[in-house]
Amino acid sequence: MESMTTMKKILNECCGCAVPAYPCVPSCPLREVTHFYCDKCHEEKKLYEYDGGEYCIDCIEKMLDVVEGSDG
Ligand SMILES: [Zn+2]
Ligand SMILES: [Zn+2]
């Protein structure tokens, strides 16, 4: 079972590997391309596991507490 919070979509991105009037070949790697989306901002980015979810680095950074005085 997948986590309910994981934003993941499998899309068919095939656009023209096949001859017209024939369906995409079964071996086409673009038929099932998995896309991952940040649990928080829902943008498609590189994700990191954090606190039970999957987030982009920007969202993780916002969730972290900055050490006072360390950010200039
Ligand atoms: Zn295809
Ligand atoms: Zn995000």
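Two strands count as paired here if DSSP finds at least two bridges between them. All views show a predicted model.

**View 1. Overall fold of the protein chain.** One helix and four strands make up the regular elements of the protein chain. Their order along the sequence is β-β-β-β-α. The radius of gyration is 18 Å, whereas the globule rule gives 11 Å for 72 residues; the value is well over the rule, so the chain is more spread out than a compact globule. The C-alpha trace spans about 65 × 30 × 15 Å along its principal axes. Of the 72 residues, 8% count as buried. Of the contacts between residues at least 6 apart in sequence, 22% join residues at least 24 apart.

**View 2. Pairing of strands β1 and β2.** Strand β2 covers residues 33-37 and pairs with β1 in the antiparallel sense, over five bridges. Strand β1 itself runs through residues 7-11. Within this pairing, Met-7 has Tyr-37 of β2 as its bridge partner. How many of the five residues of β1 are buried? The number is zero, so β1 lies largely in the open. Strand β2 is hardly covered either: among its five residues the count of buried ones is also zero.

**View 3. Lys-9 and Ile-10 in strand β1.** Lys-9 is part of strand β1, and Ile-10 is found in that strand too. Is Lys-9 buried or exposed? The cut-off for an exposed residue is 12 or fewer other C-beta atoms within 10 Å. Lys-9 has 10 C-beta neighbours inside 10 Å and therefore counts as exposed. Ile-10 is exposed as well, because 10 other C-beta atoms lie within 10 Å. Lys-9 and His-35 are separated by 26 residues in sequence, and their C-alpha atoms are 5.2 Å apart in space. Ile-10 and Phe-36 also lie 26 residues apart along the chain, with 8.8 Å between their C-alpha atoms. Not counting neighbours within four places in sequence, Ile-10 is in contact with Glu-32 and Thr-34.

**View 4. His-42 in the loop between β2 and β3.** His-42 is located in the loop that links β2 and β3. Its phi is positive, at about 65 degrees, although His-42 is not a glycine. Most residues other than glycine have a negative phi. With 11 other C-beta atoms within 10 Å, His-42 is exposed.

**View 5. The hairpin of β3 and β4.** Strand β3 spans residues 47-50 and strand β4 spans residues 53-56; the two pair in the antiparallel sense over four bridges. Leu-47 stands opposite Cys-56 of β4. The two strands form a hairpin, and two residues lie between them. Which residue in the turn has a positive phi? It is Asp-51, at about 55 degrees. Asp-51, in the loop between β3 and β4, is thus a residue other than glycine with a positive phi. Asp-51 is exposed, with 9 other C-beta atoms within 10 Å.

**View 6. Surroundings of Tyr-55.** Tyr-55 lies in strand β4. Why does Tyr-55 count as buried? The cut-off for a buried residue is 20 or more other C-beta atoms within 10 Å, and Tyr-55 is buried because 22 such atoms lie within that distance. Leaving out residues up to four places away in sequence, Tyr-55 touches Cys-38, Asp-39, Lys-40, Leu-47, Tyr-48, Tyr-50 and Ile-60. Gly-69 is 14 residues from Tyr-55 in sequence, and the C-alpha atoms of the two are 26 Å apart in space.

**View 7. The largest nonpolar core.** Which residues form the largest nonpolar core? Its five residues are Cys-38, Leu-47, Tyr-55, Cys-56 and Cys-59. Nonpolar side chains tend to be buried together in soluble globular proteins. Among the residues that Tyr-55 touches are two other members listed for this core, Cys-38 and Leu-47. Leu-47 is also the residue that stands opposite Cys-56 in β4, and Cys-56 belongs to the core as well.

Note on methods
Residues numbered from 1 in each chain as written. Chains lettered and ligands numbered in written order. Predicted model: local features only at pLDDT ≥ 70, side-chain atom pairs only at ≥ 80, totals over all residues. Rg over C-alpha atoms; globule rule 2.2 N^0.38 Å. Contact = placed C-beta atoms within 7 Å. Core = buried A, V, L, I, M, F, W, Y, C linked by C-beta atoms within 7 Å.
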